[in-house]
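Here is a walk through one protein model for someone meeting it for the first time. Keep the picture open while you read, and find each part as it comes up.

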Amino acid sequence: MQLADLYAYTGGKPFDPARPCVVFLHGAQHDHSVWILQSRALAHRGFSVLALDLPGHGRSAGPAEASIEAIAERVATALAPLASPCFVLVGHSMGSLLALELAVRLGERAAGVALVATAAPMKVSDALLTATREDPAAALQMINLWSHSASITPFAVRPGAPGPGFNVLWQNLRLMQRVASVNGAAVLPTDFAACNAYGAGLERARALSCPTLFVLGGADQMTPPKAARALIDACADKTVVSLPATGHAVMTENPDGLRRALEQFVARVTLARTAATPRPRPLEPDQRAS
């Protein structure tokens, strides 16, 4: 599905604008495919789903935007024409910052925000930032090793390969390589610089008027749970789910744990929003069409 110049995956179901919409926002140098399990699960449970390719990623027109604010503006513009009664924003890593920023632009249309593997501020080490510009291959190796729990690194060790033809690290590395080959080498340094520079996370969290879900990996080396503490404290209505022995790549390391947390959260916040919406009053006899 195309939303202006952005591509959106609808979870294997036709998009229905009459239903609450769950918007999935991927992280740096990723695309919509990281959300395949979670997006399909919610689409098959009665919700409309839009798993986006962010600007300059996957099938969406580029270039990649240089700031979280600019990405949020592009996404908000794409969502604006939709008639969906409300949105639940789900973001991973860089996408979690985007979800916070996007919630401000959506205002009362945002029924909930789910932040997966998040931190604010989301500072990136100087060594990694330099590598994204000067040695992208080395940067991808660093990112993939640090994004997964020690139980599945290095690349050749099980359970990194939980089944024939499947390997968590290699598949994530190949995805990042594919995004670069399709969208250009500038995507990686642009994404990581945007995360590093974004400073409005705590302010946006304090301004949220909708519930917030935090899903944190207990073995996350990129955004350790302690790095989310200030963000959690800034939110008035929050639920925290910790997934033990799970690294930064939550969607692949603990797909069912994340799926369950999202299903419960989305059902709760959309039900609350639907219940709070006044039902139209029946027309008086003289107002009815003859």
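## The second largest pocket

Let's start with a hollow: the second largest pocket has a volume of about 280 Å³. Its lining is made up of 15 residues, and those that lie nearest its centre are Val34, Gln171, Asn172, Leu175 and Thr252. H6 and H10 are the elements that give two or more residues to this lining. The largest share, 6 residues, comes from H6. Sorted by type, the lining of the second largest pocket has 7 nonpolar, 6 polar and 2 charged residues. Bear in mind throughout that this is a predicted model.

## The largest pocket

Now for the largest pocket, with a volume of about 350 Å³. It has 24 lining residues, and Ser93, Leu128, Phe192, Met222 and His248 are the closest to its centre. Which elements give two or more residues to the lining of the largest pocket? They are helix H5 (136-146), helix H6 (168-183) and helix H7 (187-197). The lining of the largest pocket divides into 12 nonpolar, 11 polar and 1 charged residue.

## A helix tucked inside

H7 deserves a look of its own. Is H7 largely enclosed or largely open? With 9 of its 11 residues buried, H7 is largely enclosed by the rest of the structure. The buried ones are Val187, Leu188, Pro189, Thr190, Asp191, Phe192, Ala194, Cys195 and Asn196. What do they pack against? The buried residues of H7 meet H2, helix H3 (94-106), H4, H5 and H6. One of them, Phe192, is also among the residues closest to the centre of the largest pocket.

## The sheet

Next, the strands. There are 8 of them in an open sheet with mixed pairing, and their order is S1-S2-S4-S3-S5-S6-S7-S8. At the edges sit strand S1 (2-3) and strand S8 (238-243), each of which pairs on one side only. Helix H2 (residues 68-79) packs on the sheet, where it touches S1, strand S2 (6-9), strand S3 (21-25), strand S4 (48-52) and S5. The direction of H2 makes about 70° with that of S2.

Strands of a sheet pair through backbone hydrogen bonds, either parallel or antiparallel. You can find both senses here. Strand S5 (residues 87-92) and strand S6 (residues 110-116) run parallel, joined by 6 bridges, and Phe87 stands opposite Ala110 in S6. S1 and S2, on the other hand, run antiparallel, with 2 bridges between them; here Gln2 stands opposite Tyr7 in S2. S2 also pairs with S4 in the antiparallel sense, again over 2 bridges, and the bridge partner of Ala8 in S4 is Leu52.

In a regular strand the side chains alternate between the two faces of the sheet. S2 is a good place to look for the two sides: Leu6 and Ala8 are on one, Tyr7 and Tyr9 are on the other, and all of these are buried, so both faces of S2 are covered.

## Backbone oddities

A few spots in the backbone are worth a stop. S1 and S2 form a hairpin with 2 residues between them, and Ala4 in the turn has a positive phi of about 55°. Ala4 is not a glycine, and at 67% relative accessibility it counts as exposed. Ala245 shows a similar feature: its phi is near 55°, a positive value in a residue other than glycine. You'll find Ala245 in the loop between S8 and helix H10 (250-253), where it is exposed, with a relative accessible area of 61%.

Two peptide bonds ending at a proline are cis. From Gly62 to Pro63, omega is near 0°, and Pro63 is in the loop between S4 and H2. From Ala120 to Pro121, omega is near -5°, and Pro121 is in the loop between S6 and helix H4 (126-134).

## An alanine with distant contacts

Last stop: Ala261, in helix H11 (residues 255-276). Is Ala261 buried or exposed? Its relative accessible area is 8%, so Ala261 is buried. Leaving aside residues up to four places away in sequence, Ala261 touches Leu213, Val215 and Val241. Ala261 and Ala114 are 147 residues apart in sequence, yet 9.5 Å apart in space, C-alpha to C-alpha.

Technical notes: Residues are numbered from 1 along each chain as its sequence is written. This is a predicted model: local features need pLDDT of at least 70, side-chain atom pairs count only at pLDDT 80 or more; totals for chains, interfaces and linings use all residues. Side-chain values use heavy atoms; hydrogens and water are left out. Two strands pair if DSSP finds at least two bridges between them. Helices (H or I, at least four residues) and strands (E, at least two) are DSSP runs, numbered from the N terminus. Contact means heavy atoms within 4.5 Å. Axes are lines fitted to C-alpha atoms, for helices over the stretch in contact, and angles run from 0 to 180 degrees between N-to-C directions. Buried means under 20% relative accessible area, exposed over 50%, partly exposed in between (1.4 Å probe, protein chains only). On a 1 Å grid over the protein atoms alone, a cavity is a set of points where a 1.4 Å probe fits but cannot get out, and a pocket is an open set with protein on both sides within 12 Å along at least five of seven lines; lining residues have an atom within 4 Å of a point. Grid points are joined across faces, edges and corners, and a volume is the space filled by probe spheres set on the points. Ala, Val, Leu, Ile, Met, Phe, Trp, Tyr, Cys and Pro count as nonpolar, Asp, Glu, Lys and Arg as charged, and the others, Gly among them, as polar.
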